[in-house]
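Please open the model in your viewer and keep the sequence panel beside it. The stops below move from a ligand to the elements around it.

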Amino acid sequence: SNGSRVSALVIGSGYGGSVAALRLAQAGIDVHVIEMGMAWDTPGADGKIFANTTSPDERSYWLRTRTKQPLSHFLGFPIDRAIPRYTGILDAEEFGGITVYQGRGVGGGSLVNGGMAVTPKRENFRAILPSVDPNEMYDVYYPRANAELGVRTIDPAWFETAECYHYARVGRKQAQRSGFPFVFVPDVYDWDYMKQEQAGTVPRSALGGELLFGNNYGKKSLQKTYLPQIAATGRVTISPLHRVTSVTPASGGGYTVVIEQLTTTGAVSSAKSVTADTVFFAAGSVGTSKLLVKLKATGALPNLNNEIGKGWGDNGNVMCGRANHIWEPTGCLQSSIPTAGIDNWAAGGAFAEVAPLPTGIETWASFYLAITRNPNRAQFTWNPSTRQVDLNWQTAWKRAGIEMAKSIFDRINAKEGTIYRTDLFGIYKIWGDHLTYHPLGGAVLNKATDNYGRIAEYPGLYVIDGALIPGNTSVNPFVTITALAERNIEEIVANDF
Ligand code: FDA
């Protein structure tokens, strides 16, 4: 409530925020988590908490009046449609040169993501987090993150027969015919539940086309892992539909945090301020960067160093589809949870997941999300005339990632005698190069912060989310975000409290 004092305030409830809240609480510290999205614990009119990917409604998007589907077209036709403005679950945040997809709600990105839970290859780690000792990460913190998140790999025998993974087996066959290593991609989805979905004995989630707007069953989001553990400590208060707008040193020590309460149409219903001894920025790469850049520029935290806002990358995300021959169907029933990938990282700078196109009809399409070693990095800056934070990512910077993705798909197309689909992202547009699902950086570890996320200029302020990671993890990022947060909070709890 207004004027109260808290020991630790955590901004955001995604992976970084959940790890911070749990470990602080377990150490006996009272924690208040401020989350601008909704709680996502109450069913809507259809009896379900989350909307289906194929029928978006007000629950689907964060404060938009029109959907912004990552796959904007099908057979060349635009598929976006009007929806009521609401504090929905998926934010398609538009900057000048890129749309950044993010989850909104208690659980952050874990609510909307595909659950692909990949630990980077050890030989790639130096390039991901150069200042972190790989031994401690691979011996302690990656295993801890994998265990807490419930990461599992698909039963390989079931994979061979499951109807819902016919598309992935086609992806494997074509990858292998072109000489690419094919790997299973671990996930936090409950594979036993998926088997029951395939058998028709439980309500369908992954096999019902759920993804992007939340999974009603099956996926172990943070709602099923860290968050129940947090609740069990009895020391953590979570305030959904509350947004932090300012953090500034308080006269009597600690920090004054200004918080706005939001209505479900995005209006500010009240504003309050609390005093916090410590503040953990866990608003995600974009959220944390935007806050810190604004607070530095507007004089709330003027001494923040000049690395704030820098080192932002898109994790090299590009998407594409390929048109298979008529004798190579990919299946009407497709699990929305990808489980396989093509690894050409070392030779071509691309790791491509074989993704579903869960339309419910045969498309003869193979669809992919590629993570590439795109070297371009952008910067967040304060725009005094709009009083907004801008990101200077340029659309043309995706070209580097596309070239890397082509190291895989040009070769597969040549081998198979097939072509790219040109109807999924517009008319005659091959590449989904307008977006990222994996924003990383903006408050880079050991540059904007010390080597554990402490903001040196302001004792008691910490960054503990994807903003710490300088733009690329070579694979999907949330296992690395979680493992790094586990490493940093252990050091912080041991030495700073
Ligand atoms: P995260 O974004 O999770 O959490 C930040 C939270 O802070 C949000 O809940 C936000 O609402 C809140 N917040 C922001 N500003 C605030 C403010 N001012 N005040 C209060 N709260 C605020 N990764 C992966 O490894 N495997 C995958 O399969 C996928 N798939 C995928 C699909 C889609 C559609 C998306 C959008 C993303 C993915 N990702 C993914 C990416 C992954 O979800 C992402 O990297 C992590 O969620 C980032 O974790 P963080 O803790 O950094 O922030």
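For this tour, a residue counts as near the ligand if one of its heavy atoms lies within 4 Å of it. Bear in mind throughout that this is a predicted model.

Select the ligand and then its surroundings: 37 residues surround it, and the closest are Glu35, Gly109, Met116, Gly466 and Phe478. Coloured by class, this shell shows 16 nonpolar, 17 polar and four charged residues.

Next, display the polar contacts of the ligand, beginning with Glu35, where an N or O atom of the side chain is 2.6 Å from an oxygen atom of the ligand. At Gly109 the partner is a backbone N or O atom, which lies 2.9 Å from a ligand oxygen, and at Tyr15 a backbone N or O atom is found 3.1 Å from an oxygen atom of the ligand. If you now switch on the protein surface, the protein covers 95% of the 1000 Å² of accessible area that the ligand has on its own.

Which helices and strands each supply at least two residues of the shell? Select H1, strand E6 (99-103), strand E9 (242-249), helix H8 (284-297) and helix H11 (478-496), each of which does so.

Finish on H1, residues 15-26, whose twelve residues reach 17 Å from the first C-alpha to the last, close to the 16 Å expected. Eleven of the twelve residues of H1 are buried, among them Tyr15, Gly16, Arg23 and Ala25. Just beyond, H1 is followed by Gly28, which has a positive phi, near 90 degrees.

Methods. Residues are numbered from 1 along each chain as its sequence is written. This is a predicted model: local features need pLDDT of at least 70, side-chain atom pairs count only at pLDDT 80 or more; totals for chains, interfaces and linings use all residues. Side-chain values use heavy atoms; hydrogens and water are left out. Helices (H or I, at least four residues) and strands (E, at least two) are DSSP runs, numbered from the N terminus. The expected span of a helix is 1.5 Å times one less than its number of residues. Buried means under 20% relative accessible area, exposed over 50%, partly exposed in between (1.4 Å probe, protein chains only). A polar contact is a pair of N or O atoms within 3.5 Å; within protein, one must be able to donate a hydrogen and the other to accept it, and residues adjacent in sequence count only if both atoms are side-chain atoms. Accessible areas come from the Shrake-Rupley method with a 1.4 Å probe; for residues, only the protein chains shown count as cover. Ala, Val, Leu, Ile, Met, Phe, Trp, Tyr, Cys and Pro count as nonpolar, Asp, Glu, Lys and Arg as charged, and the others, Gly among them, as polar.
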